[in-house]
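Here are some short exercises on helix packing and cysteines, each with a worked solution. Have a look at the model, then work along.

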Amino acid sequence: MPPPSRRPSLFLALLCAALLASLVIALSFGPSKLPASTVWAVALKRVTSLELGQFSPAQEHIVLYLRFPRVFLAAVVGAGLAAVGVILQAAVRNPMADPYIIGVSPGAAVGAVLVLMLGWGDRLGQGGLSAAAFGGGLLAFAAVGLMAWRNGRLTPSRVILAGVAVSYLFTSLSSFLILSSAEHIPSQAILYWLMGSVAGARWDQLGLPALLAAGGSVYAIASARQLNLIALGDETACALGVNPHLLRLKLMTLAALLTGVLVSVSGGVGFVALMVPHAVRLVAGSDHRRLLPLAVLTGAVFLIWVDLAARLLIQPAELPLTIVTAFVGTPFFLWLLRRKERGLSGDGL
């Protein structure tokens, strides 16, 4: 077993290798029976203009415009949601914090359902649907902020209570919209918006999510010291020169914007923001200087494999991502908890 000081570096190197291997494998497999050599011949021709194999225009289209953007979007969404989970769990000092706790995911679902219910999906296209989901998510977050804001600050307990209330409200609203207008709404489209999917990903969808996921992760890593302090409590943070209320507002706003963009292109992917930070924390500890980069890479690898399973398990149909994340992630997470030293928990976990 490597010394503790070397474990994060080893873990980081292993995750980088795992991410590269996951990209290669996910691009090489899919419902369409394409040899891996064909996939990479198409990719190399696109990049280098070298003819390294024979393939049809249909195969080229599948590889370049269906498989590549889908796999990359899964990596971006997984990385971004993992970063959001770490940020929120530190900001509100609650291990159960995830995008649902600030209302963004349920709000985005309401925005998407409303557009589909009104029959605007075909007229507005995917961009309009994503914009509606993003707007719904920010509206829900604004409601949480207004309810939790007292005396010029956001306190963790008020944020959690307001977030739970707003999440239930928007979840109920989306359910009411679906039940009241079921004949006008494509049930499959609604299911995927509520439970997440990267099917139909396009290259023009990748730019903004990738930019925000990278920028948000870099900002959070640069703020790792402040995250460590705020996680210890507001009094400790103040004593060491950090304004916890201003930092909490910045972090939650960043998490809401990032979640809103990710949900607008992938729907409500659950479990990633909650499970991945915990899983990495059990292995690498709670120091955010190590936790954040490791969680980002783990989230990307995890969702790539989740999406691969979602499109292969029940061919020709596909599973929503949240079904797979919960089914696969829960046993793995419980296994990690069982491996933790018994002294860390009175119940033996």
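For two helix axes, angles under 35 degrees count as roughly parallel, over 145 as roughly antiparallel, 65 to 115 as roughly perpendicular and the rest as oblique. Keep in mind that this is a predicted model.

**Exercise 1.** Work out how H3 and H13 are oriented to each other.

*Solution.*
- Start with the axes: those of helix H3 (residues 57–91) and helix H13 (residues 288–312) cross at roughly 140 degrees and come within 7 Å.
- H3 and H13 are therefore oblique to each other.
- As for handedness, H3 passes H13 in a right-handed crossing.
- Now look at who touches whom: the contact includes Ala74, Gly78 and Ala82 of H3, and Ala295, Gly299 and Leu303 of H13.
- Sorting the residues of this contact between H3 and H13 gives 16 nonpolar, 3 polar and 4 charged.

**Exercise 2.** Do the same for H9 and H13.

*Solution.*
- The axes of helix H9 (residues 224–232) and H13 cross at roughly 110 degrees, coming within 8 Å.
- That makes H9 roughly perpendicular to H13.
- Ala224, Leu227, Asn228 and Ala231 of H9 meet His288, Arg289 and Leu292 of H13.
- The residues of the contact of H9 with H13 split into 4 nonpolar, 2 polar and 1 charged.

**Exercise 3.** Find the count of disulfides, then say how exposed cysteine 16 and cysteine 238 are.

*Solution.*
- The test is a pair of cysteine sulfur atoms within 2.5 Å.
- By this rule there are 0 disulfides.
- Cysteine 16 has a relative accessible area of 41%, so this residue is partly exposed.
- Cysteine 238, at 45%, is partly exposed.

How values were computed:
Residues are numbered from 1 along each chain as its sequence is written. This is a predicted model: local features need pLDDT of at least 70, side-chain atom pairs count only at pLDDT 80 or more; totals for chains, interfaces and linings use all residues. Side-chain values use heavy atoms; hydrogens and water are left out. Buried means under 20% relative accessible area, exposed over 50%, partly exposed in between (1.4 Å probe, protein chains only). Axes are lines fitted to C-alpha atoms, for helices over the stretch in contact, and angles run from 0 to 180 degrees between N-to-C directions. Helices (H or I, at least four residues) and strands (E, at least two) are DSSP runs, numbered from the N terminus. A crossing is left-handed if the near helix is turned anticlockwise from the far one by less than a right angle, and right-handed if clockwise. Contact means heavy atoms within 4.5 Å. Ala, Val, Leu, Ile, Met, Phe, Trp, Tyr, Cys and Pro count as nonpolar, Asp, Glu, Lys and Arg as charged, and the others, Gly among them, as polar.
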